[in-house]
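Thanks for coming. I will talk through the empty spaces in this protein, then the strands and the packing around them.

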Amino acid sequence: MPSPSLSRRSLLGLLALPLLNGCSSPLPLVAAPPSQADATRILRESAEAHGLAAYRRLTDINIAYDGQWRPLIGRIQPEVTDTGFRGSSQERLMPKIGASAQAYTGAMGRKQVTWRRGSGTADDLGEVAVWFNGIRSTDAAAQQAAALVAEGYGLFLLGPLWLIDRDLPAALAGTERVDGRLCDVVEVWMSPGLGRVRSDRIALCVDRADRITRRIRFTLEGFGNTQGAVAEVDTFDHQRRFGVMWPMRSFERVVHPIALPAHDWHITGLDVNRGYSVQALTGSDFTAGAAAPAAPL
């Protein structure tokens, strides 16, 4: 949080800073090195600890979240946080085809997002659609931000499982402690990136004792106003359900170019393998087998 001695003028100056890339970024966007065998091994060990075999049997994931935004983040990135709409949510993921959808409910009404990941080539950066209170948006910034968030929340929920089958370059980057637990840091060059962008750089902090991924640090190249920024998500209270390890509670903070707490959220409902098709996710409301709320926990 900002220092108590920080003046109002200084704070407003910070809020006005463009999120430009800089040499001090903890994840500078540089060319990916050849994959390191040890990094690939640790990433796979983490995926296996998270339930890789069971994950590969999932056709759909149905999840409900509730949470709280920290006060200042909405003023810095209003399109991404969209706090008037992004309150509680019902979310649907179809991991095998890279598709997901979110139904948000907030003080300003309902927001629906559908997203399908592209190949990462210049002419295939993914498909996104956004509806506010049932009306489809044509705003490019809203679509760009929604795509970043949709892909990001798949990563935050599934960690190494979201990455393991995509044959991405990985390298070791030392160790760090997360809540006192010693973690190996595996950096991954993710392509396509988070949303409609060619690539992002991800760092996973993998617990050396049990191989659970405890922290994910990531660039935010998929939206113009966040390019050059870096954030991280810590995950807590992991529970194994349906053979997969789920982070029941998560906390996000911005770490570059300024340090700022952003978002706390937790899982309130979860079920899997309803068997619907992607068409159930592609409109202004969930339909068919996707329509029912996630089973309450």
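Pockets, cavities and core

Let me start with the second largest pocket. A99, S100, T114, W115, R116, E127, V128, V278, Q279, L281 and T282 form its lining. Before going on, a caution: this is a predicted model. The space in this second largest pocket comes to about 160 Å³. Three strands, β3 (99–106), β4 (109–116) and β5 (127–132), each put at least two residues into the lining. Which strand has the largest share of it? That is β4, with three residues. By class, the lining of the second largest pocket splits into five nonpolar, four polar and two charged residues.

Now the largest pocket. About 200 Å³ of space lies in it. Its lining consists of Y55, R56, P95, K96, I97, G98, R117, L161, W162, D165 and R166. Sorted by class, that makes five nonpolar, one polar and five charged residues.

Those were the open spaces, so to speak; next, the cavities. Rolling a probe the size of a water molecule over the atoms shows where empty space is left. How many cavities of 30 Å³ or more does the structure hold? There are seven. The largest cavity has about 290 Å³ of space. It is lined by 25 residues, and I73, V80, L220, E252 and V254 are the closest to its centre. Elements that give two or more residues to this lining are α4 (73–76), α5 (78–81), α6, β12 and β13 (260–272). Helix α6 gives the most, five residues. In the lining of the largest cavity, 19 residues are nonpolar, four are polar and two are charged.

The second largest cavity holds about 90 Å³ of space. Of its 13 lining residues, Y65, R86, G87, S89 and H263 are the closest to the centre. At least two lining residues come from each of β1 (61–69), β2 (88–94) and β13, and β1 has the largest share, with four. By class, this lining has five nonpolar, five polar and three charged residues.

On to the strands. Strand β10 (residues 213–219) runs antiparallel to β11 (residues 230–241), and five bridges join the two. One residue to look at here is F218, whose bridge partner in β11 is A231. Strand β11 is also joined to β12 (residues 244–256), again antiparallel, by eleven bridges. In that pairing, D234 stands opposite F251 of β12. The hairpin of β11 and β12 has two residues between the strands, and F242 there takes a positive phi near 55 degrees. As a reminder for anyone tracing side chains, in a regular strand they alternate between the two faces of the sheet.

Last, the packing. Which residues touch the most other members of the largest nonpolar core? They are L157, L158, F218 and W246, in a core of 56 residues. Helix α6 (residues 140–158) supplies the largest share of this core, eleven residues. We have already met α6 as the element that gives the most to the lining of the largest cavity. F218 also came up before, as the bridge partner of A231. As for L158, leaving out residues up to four places away in sequence, it touches H50, Y55, I61, L93 and W246. One of these, Y55, is among the residues that line the largest pocket. There is also a second, separate core of ten residues, including A99, A101, A280 and F286. A99 brings us back to where we began, in the lining of the second largest pocket.

Note on methods: Residues are numbered from 1 along each chain as its sequence is written. This is a predicted model: local features need pLDDT of at least 70, side-chain atom pairs count only at pLDDT 80 or more; totals for chains, interfaces and linings use all residues. Side-chain values use heavy atoms; hydrogens and water are left out. On a 1 Å grid over the protein atoms alone, a cavity is a set of points where a 1.4 Å probe fits but cannot get out, and a pocket is an open set with protein on both sides within 12 Å along at least five of seven lines; lining residues have an atom within 4 Å of a point. Grid points are joined across faces, edges and corners, and a volume is the space filled by probe spheres set on the points. Ala, Val, Leu, Ile, Met, Phe, Trp, Tyr, Cys and Pro count as nonpolar, Asp, Glu, Lys and Arg as charged, and the others, Gly among them, as polar. Two strands pair if DSSP finds at least two bridges between them. A nonpolar core is a set of buried Ala, Val, Leu, Ile, Met, Phe, Trp, Tyr and Cys residues joined through side-chain atoms within 4.5 Å. Buried means under 20% relative accessible area, exposed over 50%, partly exposed in between (1.4 Å probe, protein chains only). Contact means heavy atoms within 4.5 Å.
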